[in-house]
Amino acid sequence: MLKRRPLSVNTYSFTEAQKLAISHRNKPLIISGGPGSGKTTVLIEAAIARINEGQDPNSILVLTFGRERASELRDAIALRTSQTMLEPLARTFHALAHSILKAEGHNPILLSGPEQEGWIRQLVDGVEWPKELQAAIHTRGFTRELRDLMLRATERGWTPEDLEKNGQTYKEEFWIAASKFWKSYIGTLILADADHGEPKERLDSAQLVWRAAHVTRNAFKNQFKTILVDEFQESDKAQRALLENIATDDLVIALDQYSTVGRFRGADPDGLSEALAKFQAKGDAIQLSENFRASSAVHLFLEKVAGEFPKAPEIQSSSANNAGLVVAERFIDGANEAAFIADKLQRAHLERGLKWSEMAVIFRSPAQNSAVRSALMRYAIPVAGELQVLSENASIAPFLLLAESAIAGKLDLNTAEILLSSEFGGADSISLRRIRRELVTKYSGKTGLTGSELICQAIITGEYEIPSGASLSRVHLLFDIAERTAKKKSSQPEDLLWAIWSNAKNSDNELISEAWRKQALKGGVRGANADRDLDAMLQLFESARRFGQRFKRSDLAQFFKDIRKSEIAGDVITAKGQRPDVVELLTPFSAKGREWKLVVVAGVQEGIWPNLRIRGSLLGSERLAERDRNPDLAAIELELVAKAAVAVDELRLFYAAISRASQELIITAIDREEDQPSTYFDFAYEFCNPEVDLEAKPEICRADNLLSAANVVSKLRKDLLKNNSKEAAATLKALAEAGITGANPNDWYGIKPISSDQPAVADSQPIKVSPSGVEKFDECQLRWFLESHGGQDGNTTAQLIGTVIHKFAELAESSEVNLDSQIELLTANWKLVDPETGWISRTSMGRAVLMLKRFYKYRESMAGKRTFKESEASYKFNIGRALISCKIDRIETTVDGKLYIVDFKTGKSAISVEDAKTDAQMQIYQYAVGPDVAGASLVYLDHDLKGNKTRDQLPIDRKAVEARIERTAVMMGGKRYLAVKNSNCQFCNVATSCPIQIEGRGLYG
């Protein structure tokens, strides 16, 4: 069950100004006041007072800036009255506009941001753009700027013709081109949509409000006796026109122009005086001059920042009864900043009892929050952030992909591999290769299908069974369920998604929905990820539900196309407020109207906050807004005005962000060569450290003495193991009993006693020794042991190529083959070596062909020097406890009748000349053949084009080789294996189990 965030219960002692505002009736009232002055509370009380006096609640309309805010206001009023409400009492301007148009018989559809951008991308090629823009028109940035330009123009009542005319007047060439696109765009919005199958009037947010503002329907206009408007400074020109059209005498407007955060969405704080003039002329104004929210420290800092506005707001007095705290810290890098923030939140929760929901972190942009989000997850702090683009969520992507494939009834290799590698299939690269090879071996000859085709058919039809096919079977079953659902005529997107979601299982045969739920409840990093994925899935279902309601006869595939096209997060109210006790990561816009006891304003960097780049600088949406206000300014003056407006706008955002804190405010920044704190941070640092000389080099902090569970447990374990501390042992015991991960010694690596002190091979048993293993053992005993006991991956393509080349070298001595016939045989059957397709596979095949050529070149070079005697010669013998079996690539005979050993290498790197003299593999080969051996050579076939790289070894001292093998064999069968750092550590497959490597060090305590 979904639960809305619980409303806070407060008891107020209203000031005289507030009482006057609540009791005001029958003429317009303008309420102004700073953050925390009680403007919203006064509006709520004004509505309740009217209802208690007997006024019909359906005659009261509360307007505000956002859907979530409207929902909170509606609940705040409804929960304090028993009156029945037939219509939503609190709404956004867009919801009101939609109601007006519906009442007029229109059938409007409000285009969301993602839908509008997708629509623009489809149409952008239909207009001839200036050459300067040609390279940009298909980029995300251009789409967004074009959308902003049209919205800003519409909000100000401009038509495409106005945009073209003004473009000519003010020499804005791009406006002229954009006006032509805009005409085409508008023409496609009202149509019998071929994609969605039914006529809808598609309107963007600005068009919707303007259309409603021009409706003059007395019945609707007279429906409301009282209109209460919250956060009026966030309204745009169209919304103000709509309000003027339906305004009654009993009108109350609350505002604070210095806290405007929606200017990038069209809010017009600079036009407030003009918008309010009509209402002020026949009404009253009240200034609320006390701050009831902020502690004294936060309030004083707010005053300092307010003083930076060109026209400073009237200073409020603080009514807080606590001193509070403002902290400003700079850090050496983002990791330290994030760790510090996580630690501060953790301490506030544990030491002062603050709920997670009483804390928030605010960034200038959502793109800044990844490091802090990761740090909070490491601390097991529950976290929620702003909406994510669904198509970019890695966990949601397979659900979308499977749905699209089921609708189409087919899939390609790339899709198949993604599904098999997802949580549905649980396969990895090695198991995918195994699946492909087993399918090719068993079915390719019978069906004539390639490995890629067999994988796709196995998912679609489920016909092909192989030993390693568990992943294929799971994905096929899910695909079959989804395909059957998609074929039903009545199916909606949410039906198809539910069919997949309710049947999807992971590699443990557990429902993915249940696995995510369990993981989310466990907390920690993985729990936070599961939480995020569940939120995204909820968002996806809500999007599907809305799509089904809006386009009942739409093609099922269209929903998934729309989701794919979305490059910005949609406004889905159900994705917010479900879990009350979380730390929220927000921007100033999403934090609007909210408050927390502890607020962190993070990443206050130069170039980021403030970001003084002109918005929409390519197409000039910011210039358009300023041109509408200042039609007679010269271009240079207008540019200066626009820059000044952006600077003030950034200060408003910072002011709004810091004003969300009621007790404690923390401001952080990074200070290093390429990243510098901004002037906003300097305000805070100077405020917190008035005695510090700002010209002196500031102290840059590193996060230390952190309170995360992992950090505390780590320190206690270190104290226990090094100092045998009884206090550490007692604390660890208490933590373990409380369920803290890592505190229980049973979970520690390297602490448990050795399971056995017996040797790997009993003293009475022979020890199997491979010639290549001796050299590996001498290099690193631990790597040899782990790899020879299961730590090695399965055969790679390179290893299979080596096997093929050795086999072809053996066959080359037959009179029935030659180089050309072997190359033809190799290329014709290459898919048996590497079932993959693409340039990597073609490159590997080219390398194999070159190695064959080099082998034949080697044979030619030996003419008159040595003659072929035998290939793939097998030997088996004992030296002490060592049982050796080997197979020698090639044995040749010298001109004086002695034997010569040749071993072909297909790897790219050759050992040194010195190392070859003592190479154990070649020594053992020489020993196996007998005493009459003239030497041995390693021949590298994959080294260069000019000739074969060789490494030679002289005849061996058999006694010395025997001693080496016996000594090595005893150690191979022993109790301990030494890890040795060497030049091949970077290529080691078992580094995660090695005590001298960072990856494996934690395994040993």
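Student: Why is there no bond between the sulfur of C994 and the closest cysteine sulfur?

Tutor: The closest cysteine sulfur, in C780, is 5.9 Å away. A disulfide is a pair of cysteine sulfur atoms within 2.5 Å. So 5.9 Å is too far for a bond. This is a predicted model: local features need pLDDT of at least 70, side-chain atom pairs count only at pLDDT 80 or more, and totals for chains, interfaces and linings use all residues. Residues are numbered from 1 along each chain as its sequence is written, and side-chain values use heavy atoms, with hydrogens and water left out.

Student: How many disulfides does a search of the whole structure find?

Tutor: Zero.

Student: Why is C994 called buried?

Tutor: Buried means under 20% relative accessible area, exposed over 50%, partly exposed in between (1.4 Å probe, protein chains only). C994 has 9% relative accessibility, so C994 counts as buried.

Student: What makes C886 buried?

Tutor: Its relative accessibility is 8%, so C886 counts as buried.

Student: What makes β3 and β9 edge strands?

Tutor: Strands are DSSP runs (E, at least two residues), numbered from the N terminus. Two strands pair if DSSP finds at least two bridges between them. The open sheet runs β3-β2-β7-β8-β1-β9, with parallel pairing. β3 (90-92) and β9 (284-288) each pair on one side only.

Student: How do you know that β2 pairs with β3?

Tutor: Three bridges join β2 (residues 60-64) to β3. The cut-off is at least two, so the two strands pair. T64 stands opposite T92 in β3.

Methods. Helix = DSSP H or I, 4+ residues; strand = E, 2+ residues; numbered from the N terminus.
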